Amino acid sequence: MRNLFVIHGVMATMIMVLGGCATTAVPRHLTLSVAPLDTVHADALVEAVSTQRPDWTIGLRADEGQRMNAVRSDNGVLGVCLAPDRIYENDETVAYLPMMCGTLTAEAIDDDLIKLIEKQTASAIDATKLDDEAMLDIVQKSSADDPLCFSVLPLWLADRQAFVSDHILAENYMIACARNIRKATTWVKSDALSSDTLAGWLDMASSVMTTQPAYIRRAFAAALEHTDAESRVLGQGMEAHIELNAGKWTQAQLTFVSALGNAEKTDIAWISDLYAMKMYQAVYSAPGLNVEVFEEVMPSMYPHEGSFQRLAFRYALVTRTCRLAGILPDVTPKIVETCLPAVDIVLSDMPEKEHQDFIYLLERAVSDKRHPYLTSNTLSWLREKCSDGACAWYPELRRTALATSGLAPETRSFFESFDPQHGP
């Protein structure tokens, strides 16, 4: 028996009534974990929920002490706090779902969980009506008793790409939200998170965008006092931010690699987006790049899933970062393979003047005498991409490869045999 589970998957076509509510027919996308509990049998719970809601997909995630989307027993009371979430329609964010906390009974945990998820779904907030004025109104009206801005603000900022386009505005929005929902008490409901905890998380996230040492120091100290996975992820981001400000470029990049991975594991998509932006800053600002570290950086920057806006934002960062590979002292076959999605996007959708930097990566990798080869995945991509003479640049890449002494047998065989005819 496993003691954890996840409700996980890409949302299918959704029927939704906007303007404040959504039908319970909306297939939900959630990631949950179960803390080790004698009263909860995770596999049985997964099966029960799947049987009752076959349009929800069920998976697993290891419990690492998460407070959000985690079935836990606090002070002897079984409960869960569902994290803020999005509802998509045609790859667009159409609604935000507020945090929803509730108690569960061991005898009917699957029914209670389903009811809570559907209650959250029915509380959907129309994303298309959240302009700046509406969001400012939410921030101003939020309080310890109704911390709505915690639920919608970070997702709204991420969808607007404010972390990179206007990080000062994003920082100030989150600081204001934290101030309004903070409660000067350590009291914690057994089935919910305290508003002080939520405000602390917002302070930790906003500190990753500020250059004020005192603010960063206070937020980092608060992160060290908490044992939950969310605070650890935020603490890692602050650690990387401090290293970046101190000019410890390589260490900042490695710390962001770890923070990005943990943000994805704990399903905090907006934190992952913020860290990806900071990662690009850590790579772009560095006076030099380490090849081995760059090989670790690139895989971490890809998003797992999300709206069209989120994927477009993340792939834009991936593309910009891959372009920087051209200044590396060594472009390895692994780097080329990791950058292939970005290369494909540029060669397929961007003007020809943008192509050369990415074609150059292929030429650098195939001609480097330390590792003169391309991976089998890259060769397969070339065959698919350049069949029927679709790549005007391929003949030069082929000549470069065949002129390289010591070219690996598999790579040489590919370039000797694959020579598609050019079109007009």
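Modeller: Contact here means heavy atoms within 4.5 Å, and helices (H or I, at least four residues) and strands (E, at least two) are DSSP runs numbered from the N terminus. The model is predicted, with local features needing pLDDT of at least 70 and side-chain atom pairs pLDDT 80 or more, while totals for chains, interfaces and linings use all residues. Residues are numbered from 1 along each chain as its sequence is written, and side-chain values use heavy atoms, leaving out hydrogens and water.

Biologist: Which residues in helix 11 do those of helix 9 meet?

Modeller: Helix 9 spans residues 229–245 and helix 11 residues 269–284. From helix 9, Val-233, Leu-234, Gly-237, His-241 and Leu-244 take part. Their partners in helix 11 are Ile-271, Tyr-275, Lys-278, Gln-281 and Ala-282.

Biologist: How are helix 9 and helix 11 oriented to each other?

Modeller: Their axes (lines fitted to C-alpha atoms over the stretch in contact, with angles from 0 to 180 degrees between N-to-C directions) lie 11 Å apart, and the packing angle is about 15°. Angles under 35 degrees count as roughly parallel. Helix 9 and helix 11 are therefore roughly parallel.

Biologist: In which helix is Arg-314, the salt-bridge partner of Asp-273?

Modeller: The side chains of Asp-273 and Arg-314 meet at 2.9 Å, N to O, in a salt bridge (Lys or Arg side-chain nitrogen within 4 Å of an Asp or Glu carboxyl oxygen). Asp-273 belongs to helix 11, and its partner, 41 residues apart, to helix 13.

Biologist: What is the bridge partner of Cys-81 in strand 8?

Modeller: Strand 5 (residues 77–82) and strand 8 pair (at least two DSSP bridges) in the antiparallel sense over four bridges. Within strand 8, the partner of Cys-81 is Cys-101.

Note on methods:
Parallel < 35°, antiparallel > 145°, perpendicular 65-115°, else oblique.
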